[in-house]
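Colleague: Please choose one part of this model and take me through it slowly, with enough of the surroundings that I can place it. I am new to such descriptions, so please explain each term when you first use it.

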Amino acid sequence: MTTANPRRNRGVARLAASVVASGLVVAGVLTGAGGAVADEAPPHQGGATAVLDGLKTFDTAVLHTDGKSQKLPAGLFEMTVDGGGKFKTYCIDIHNPTQDQAKYLETPWDQTSLGTNKNAGRIRWILEHSYPKIDDLQALADKAGTGPLTEQTAAAGTQVAIWRYSDKADVTASDAQAEKLADWLETSATNTSEPKASLALDPVAVSGHPGERVGPVTVHTNAGQVSVSPPADSASGVRITDKKGKAVTTAANGSQLWFDIPAGAADGTASLTVQATTSVPVGRAFAGATKSQTQILAGSSESTVSANVNATWAGKGAIPAVTAKKNCAKGGVDVTTSNKGDAAFTYELAGQEHTVAPGKSETVTVPVAEDQAYDVTVTGPAGFTRTFKGVLDCLTAGSGNDLTTQTAEQPTTITATAGGSTTGAEGNLAETGGSNATPMIAGIAIALVVIGGGAVFFLRRHKGQTSGE
């Protein structure tokens with residue numbers, strides 16, 4: 001890990017507790033009009049949420065930095081998916097630590113270090129052409145010309161090849177066959193496009209008037225066909241329909257969903273949770289909801305995936321919809337506010353007042369330091385509140401620092417609210433690409449590095465609304 005600007009990127013998700021056997025379920029929950037709704041952010045843009053179980057299948061590798069050689073574990077992690085399913089992943093941030101039982105979220109590449117990595121597509125190629133996607137080890141060894149491979153050496157060789165592209169690391173596998181595999185994967189890899197999300201909704205917040213169909217919300221999924229349930233509170237009269245007002249019972253990739261709000265309905269909101277059971281595509285990135293090294297998917301069982309969308313409606317006045325999204329290109333969080341009402345919406349963010357005219361939208365970028373947790377709140381009239389939390393992790397830590405077996409401390413959160421901004425310091429003790437298995441590997445050099453840092457918020461306005469995945 002670095003001693004100056006460690007790099008991290010995290011988001012936080014909200015998932016439904018129930019699981020469907022297959023397909024997609026939509027359930028609505030109505031809340032009071034204009035009331036406070038605590039949205040965690042950047043809102044999970046859809047897909048899987050999982051808990052890190054640790055490094056499970058690995059051998060050793062040697063990292064060469066500044067004339068020093070350090071031995072470290074290299075191989076496959078495992079995760080347990082919320083609602084059911086298992087993942088196998090590789091690390092794509094060698095110098096940063098993992099957190100025991102850390103929560104991970106399926107995340108678009110552009111909200112991780114892969115977004116600015118010109119070799120990200122080569123990493124996906126490696127995943128598609130090596131273990132565990134190719135589980136016939138004899139066939140893999142024959143193709144790569146390595147000699148006999150075990151699950152452990154195949155995993156180590158694959159991880160080493162990934163690190164060479166994810167971190168530009170000078171790293172070699174300890175086992176001769178694993179090193180040959182790493183060399184073959186590195187030289188053979190070609191750029192491959194980012195895989196699509198397993199499940200996402202676009203946008204994640206909509207607004208409108210009673211007597212209208214509020215939307216559309218577009219479904220993006222790799223599931224063949226999905227099923228849609230009506231809102232749980234049928235007494236409200238709110239239905240989920242297509243554009244023509246026909247109640248939706250099935251949906252597929254590209255389908256559009258609408259909230260059909262009855263005429264005369266009291267001001268209110270509805271929240272939809274969308275779920276499916278599917279296999280998450282190899283190559284999807286997984287960022288920690290708290291500070292923990294970024295992972296990339298190498299294998300998936302049938303797993304539960306989820307996405308959320310909120311709808312707000314009112315008879316008159318301002319009708320806001322607020323979303324947030326990490327912006328790695330600008331090093332911060334984009335907070336986008338749109339207004340479908342007939343009056344201006346005035347809100348406060350990070351101590352500054354903003355006004356969005358009827359029919360318009362505005363994006364404010366709140367800068368956040370790398371590796372920094374943040375807490376951003378939008379407040380408006382009549383108790384309107386939206387809170388967005390996460391950790392920014394947009395770059396790898398870089399090289400040139402000793403590795404340790406210690407896990408990382410969580411960073412202090414930077415808060416941006418109507419009352420202004422604050423700065424925060426963070427502490428961090430790094431563990432190389434490993435987890436609790438790390439102490440099992442002899443010869444790991446230990447060094448403790450204390451990081452101090454802070455950030456002062458400032459705002460940048462941008463026209464237009466950000467697009468969802």
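Modeller: The chain has four helices and 27 strands, where helices (H or I, at least four residues) and strands (E, at least two) are DSSP runs numbered from the N terminus. This is a predicted model, in which local features need pLDDT of at least 70 and side-chain atom pairs count only at pLDDT 80 or more, while totals for chains, interfaces and linings use all residues. Residues are numbered from 1 along each chain as its sequence is written, and side-chain values use heavy atoms, with hydrogens and water left out.

The part I have chosen for the close look is strand β2, which covers residues 49-65. Of its 17 residues, 13 are buried, and the strand is mostly covered; here buried means under 20% relative accessible area, exposed means over 50%, and partly exposed lies in between, with a 1.4 Å probe and protein chains only. For the chain as a whole, 57% of the 469 residues count as buried.

Let us now look at the partners of β2, remembering that two strands pair if DSSP finds at least two bridges between them. Strands of a sheet pair through backbone hydrogen bonds, either parallel or antiparallel. With strand β3 (residues 68-81), β2 shares 14 bridges, and these two strands run antiparallel. Within that pairing, threonine 65 of β2 stands opposite lysine 68 of β3. The hairpin of β2 and β3 has two residues between the strands, and in this hairpin aspartate 66 takes a positive phi near 50 degrees. Most residues other than glycine have a negative phi, and most peptide bonds are trans.

Strand β5 (residues 103-107) is also joined to β2, by three bridges and again in the antiparallel sense. There, alanine 50 has tyrosine 104 in β5 as its bridge partner. Strand β6 (residues 171-173) pairs with β2 over three bridges, and this pairing too is antiparallel. If you follow β2 to leucine 63, its bridge partner in β6 is valine 171.

To set this strand in its surroundings, consider how the chain packs. In the largest nonpolar core there are 82 residues, and Phe87, Tyr90 and Phe259 touch the most other members; such a core is a set of buried Ala, Val, Leu, Ile, Met, Phe, Trp, Tyr and Cys residues joined through side-chain atoms within 4.5 Å. Helix α3 (residues 151-166) gives the most to this core, with eight residues. Another core lies apart from it, made of 20 residues that include Tyr347, Val366, Phe388 and Cys394.

Helix α1 is another well-covered element: seven of its nine residues are buried, so it is largely enclosed by the rest of the structure. These buried residues are Ala120, Gly121, Ile123, Arg124, Trp125, Ile126 and Leu127. They pack against β4 (86-91), α3, α4 (176-188) and β16 (295-300), where contact means heavy atoms within 4.5 Å. Across the chain, among contacts between residues at least 6 apart in sequence, 75% join residues at least 24 apart.

For practice in reading strand pairing, you can turn to an open sheet of four strands, with the order β7-β9-β13-β11 and antiparallel pairing. Its edge strands, β7 (199-202) and β11 (239-241), each pair on one side only. Between β7 and β9 there are four bridges, and one bridge partner in β9 is histidine 220, which belongs with alanine 200. Proline 216 lies in strand β9 (residues 213-221), and the peptide bond that leads from glycine 215 to proline 216 is cis, with omega near 0 degrees.

A second cis peptide bond runs from tyrosine 131 to proline 132, with omega near 10 degrees, and proline 132 is found in the loop between α1 (120-128) and α2 (137-144). Aspartate 371, like aspartate 66 in the hairpin, has a positive phi, here of about 70 degrees. Aspartate 371 sits in the loop between β22 (361-367) and β23 (373-379) and is buried, at 0% relative accessibility. Alanine 382 has a positive phi of about 55 degrees, but this residue is exposed, with a relative accessible area of 72%; its place is in the loop between β23 and β24 (385-391).
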